[in-house]
Structures are given as C-alpha cells and as structure tokens.
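Please open the structure in your viewer and keep the selection tool at hand. The stops below say what to select next and what is there.

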Amino acid sequence: MQTNLSDEAKCLPRADEAERILRSCVHCGFCTATCPTYQLLGDELDGPRGRIYLIKQVLEGEPVTAKTQEHLDRCLTCRNCETTCPSGVRYHDLLDIGRAEVERQVPRPLGERLLREGLRQVVPRPALFEALTRTAKVFRPLLPAPLREKLPRAPQAAKPRPQRLHRRQVLLLEGCVQPTLSPNTNAAATRVLDRLGIGVTPVREAGCCGAVDYHLNAQATGLARARRNIDAWWPALEAGAEAIVQTASGCGAFVRDYGHLLKDDPAYAVKAARVSALTRDLVEVLGQEPLETLAVRAEGRLAVHCPCTLQHAQKLGGAVEALLTRLGFSLTPVPDGHLCCGSAGTYSLTQPALSRQLRDHRLDALESGQPDLIVTANIGCQVHLDGAGRTPVRHWIEHVEDALT
C-alpha cells in the first residue's frame, strides 16, 4: 500500500513502524472473511482493511472525526485477521498506533471518559476490585445487565496451595480480576504443577500486566506497569526460574509483547526481550510434561473455547484440546472455533451490544455438541460466557485438577 505520512505523523515515536505495516498490506480483503465485527455489521470500515485505510488517512493528515474513533473502538483486537492475512500484516500494532493518535485528536464524550477512566482505576487494582465486587453482589438485582453479568454465578473457593520445595521453579502471574472472579484457578494450576515436580516462586511485587491501560489508550501507563513487572521478576529469573506462567491468555499475550513494545527503551529492551522469551501459557508448560503419570477421572463431555489471545496472539490454537485429549477427556466439536466470543478485555463494557451478540453466537456454537461444561483459558472470556446463564463455564485447569485422583 502506497503511503505519504504527514510531517506531523513522521514525528510520532512509532512512525516508521506504522509506515512499514501500512506498506505490507496488499488490501486483498481476506481479513474481512474472519473479522467478527465485519460479519455482524457488514460495513467495510468495521473490518480490518477498512480500519487500515482509516489509520492511513489519519497518519497522512486527513481530518479525524468521532466516526473514525467509533470504527476503531469497535475492533475487538482479536487478531483473527492476522491469522488469516497472507502478507503477515501486524494489524494490532498499527491499531495501537492509530488509536493513540485518534485519541489525541478527538475528545471523547464525558460518559465515555468516565467509563474508561473508571475501568483503568478499578480493574488493575485487585484489592479495590475485590471490595467493589463484594459490594456489587449485595446489590446484584439493581445493577445494569452488563455489570450484573460480570459477577460470577458460583466461583469455586481457592484450595490450599502446596508448600513443597522443588528444584524446578516457575513464576506465576496472579492477575488483576482472576483472584476475585475465579479464585481457585491459580491455586489449581499450582497444585497440578506441584504434582509434576514444578514449584511456583511467589513474586508479590508483580501486578497488572498493563493490558487494560494500554488498550484503553493510556499506553504510557501500561508500559510503566510492564517495567515494574520486569523489575519484580528479574531477581527470580536471574536465580533460575525457568518460565513466567500465565493462566489468563489475555495477560500472556500482552506479556509476550513486552519485548516488542519496549525494544527502543535502552534501560529495558534486553530485559523485556528475555521476559517475553520466557513467557509461557500454562498449557505450554503442562503440554511438555509427562501427563500420563497423572491419574485422572475424566468424566463428562467438554466443549473447549479457545480464546483469541491464545490462538491468534500466542499461536496456541488446539493446545488445550490436545492436552485434554491426552488426559482422556471427551470433547465435543465446536464449529467456527476461530471466532471471538466478544469479551476482548474491557470491550464487553465499552461495546456491550456488539459484545452480547458475539457471545450468544459463540455459545450457540459451543453448545451445539451438547456438552456438560464449557472450558476456556482466559478469565475475561470465562466470565463473559458464563454471564449468559447457560452452560457453565470454567477454566480448564480447574476441571483437570478436580479430576485428579
């Protein structure tokens, strides 16, 4: 694609990167076939190719309007288009650059500003999030539907974590909302790792991965959180921890991107690259272990929901299904498993109508094989899908841990 960036755009920190990405797009349109919002709305500007053109216009100095912002806001950043693209266009990086520039030029209405700032102030703070969630449960009947659906139906309490010492050690990112909304997920992961001779080194100083701030266009704050996590993890990595493990694929996708996002930071580029290289989703770690040594009572029929951040961002599509099959679980077929459920981090709150439509379509597909349970690998998707009140949804590691004998 031919480009002619404006003089102002050429001064942006990521101008060269934006131009490279724009020029790599051959506007073939294959991406529109797998874009969830294009499938729903049928508008070229609500598909990747149209959004790329919008960002191109912004960076070439064309007028920017609230409609431009709306079309970019509607993108889920599911990265399905990147999996489909034959030219390897790094669409999500271009979207980050374009959104930041549009945010600078187009003031948002007060309601949107309050919602986004509220999410940024609450979600990355586990103690505050937990306190507000407890209060929300008391007033559940009075809450608006999008908020009421975010409260878990029946979260399993966290089981005790093992205290045995192991030669092999990994780090585990606890996450922001998962300890409140699904408190047993990380405990279950720790217990299964323990059975396989892998211990978890606690790093209390590590906090939010930074994705919430970054994807709500507070990119500097998101990167500051990334730097704090790198500083928190570094001593344990130097001491021999072999991986940084995530049970939430959304967090894992963002931590894997630290190396790219901080590549021009002289103080953190090398460390960020190492952190990204050592980042592992839980399914990667367990998939390399002798699972056959685990005694599992595999009962019931499972439908596996593969989050976009697992299959499109981390390129681990099918990994959970393969692991569960190795353990003897019965899996039901899921049509169109590449499509997004509509959770997409905070998207279900900033774009509730589109998000619910996508959720209901995904549940129809997941339930088509009549499973007893739906399992997933990301807390956002888990809460979003379970909020419909249909087939129960859990993290896959909790179901595996419960099945161990």
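Begin by selecting Phe139, which is found in the loop between helix H9 (126-138) and helix H10 (145-148); helices (H or I, at least four residues) and strands (E, at least two) are DSSP runs, numbered from the N terminus. This is a predicted model, in which local features need pLDDT of at least 70 and side-chain atom pairs count only at pLDDT 80 or more, while totals for chains, interfaces and linings use all residues. Residues are numbered from 1 along each chain as its sequence is written, and side-chain values use heavy atoms, with hydrogens and water left out.

Phe139 is partly exposed, with a relative accessible area of 44%, where buried means under 20%, exposed over 50% and partly exposed in between (1.4 Å probe, protein chains only). Add Val138 and Leu142 to the selection, and with Phe139 they make a nonpolar surface patch of about 350 Å². Such patches are made of residues with over 30% relative accessible area and no salt bridge, like charges being joined within 9 Å and nonpolar side chains (Val, Leu, Ile, Met, Phe, Trp, Tyr) within 5 Å; accessible areas come from the Shrake-Rupley method with a 1.4 Å probe, and for residues only the protein chains shown count as cover.

Next, select the four strands that form an open sheet in the order E2-E1-E3-E4, with parallel pairing; two strands pair if DSSP finds at least two bridges between them. Strand E2 (198-201) and strand E4 (279-281) stand at the edges with a single partner strand each, so one side of each is left without a neighbour in the sheet. Helix H12 (residues 185-195) packs on this sheet and touches strand E1 (168-172) and E2, contact meaning heavy atoms within 4.5 Å.

Within E1, pick Arg168, which forms a salt bridge with Glu289, their closest N and O atoms being 3.1 Å apart; a salt bridge is a side-chain nitrogen of Lys or Arg within 4 Å of a carboxyl oxygen of Asp or Glu. The pair links distant parts of the chain, since Glu289 lies in the loop between H18 and E5, 121 residues from Arg168. Arg168 is partly exposed at 22% relative accessible area, whereas Glu289 counts as buried at 10%.

Now move to another open sheet, whose four strands come in the order E6-E5-E7-E8 and pair in parallel. Its edge strands are strand E6 (330-331) and strand E8 (393-395), each of which pairs on one side only. Which residues cover the two faces of E7? Leu373 and Val375 lie on one side, Ile374 and Thr376 on the other, and all are buried. Strand E7 (residues 373-376) and E8 pair over three bridges, and among the facing residues, Ile374 stands opposite Val393, while Val375 has Arg394 as its bridge partner.

Helix H23 (residues 379-386) packs on this sheet, touching E7 and E8. From H23, select Asp386, which forms a salt bridge with Arg153, the closest N and O atoms being 2.6 Å apart. Because Arg153 lies in the loop between H10 and E1 and Asp386 in helix H23, the pair ties together parts that are 233 residues apart in sequence.

For a last stop, return to Arg394 and select with it Lys159, Arg191, Glu398, Glu401 and Asp402, which are linked in a network of salt bridges.

Terms used:
Axes are lines fitted to C-alpha atoms, for helices over the stretch in contact, and angles run from 0 to 180 degrees between N-to-C directions.
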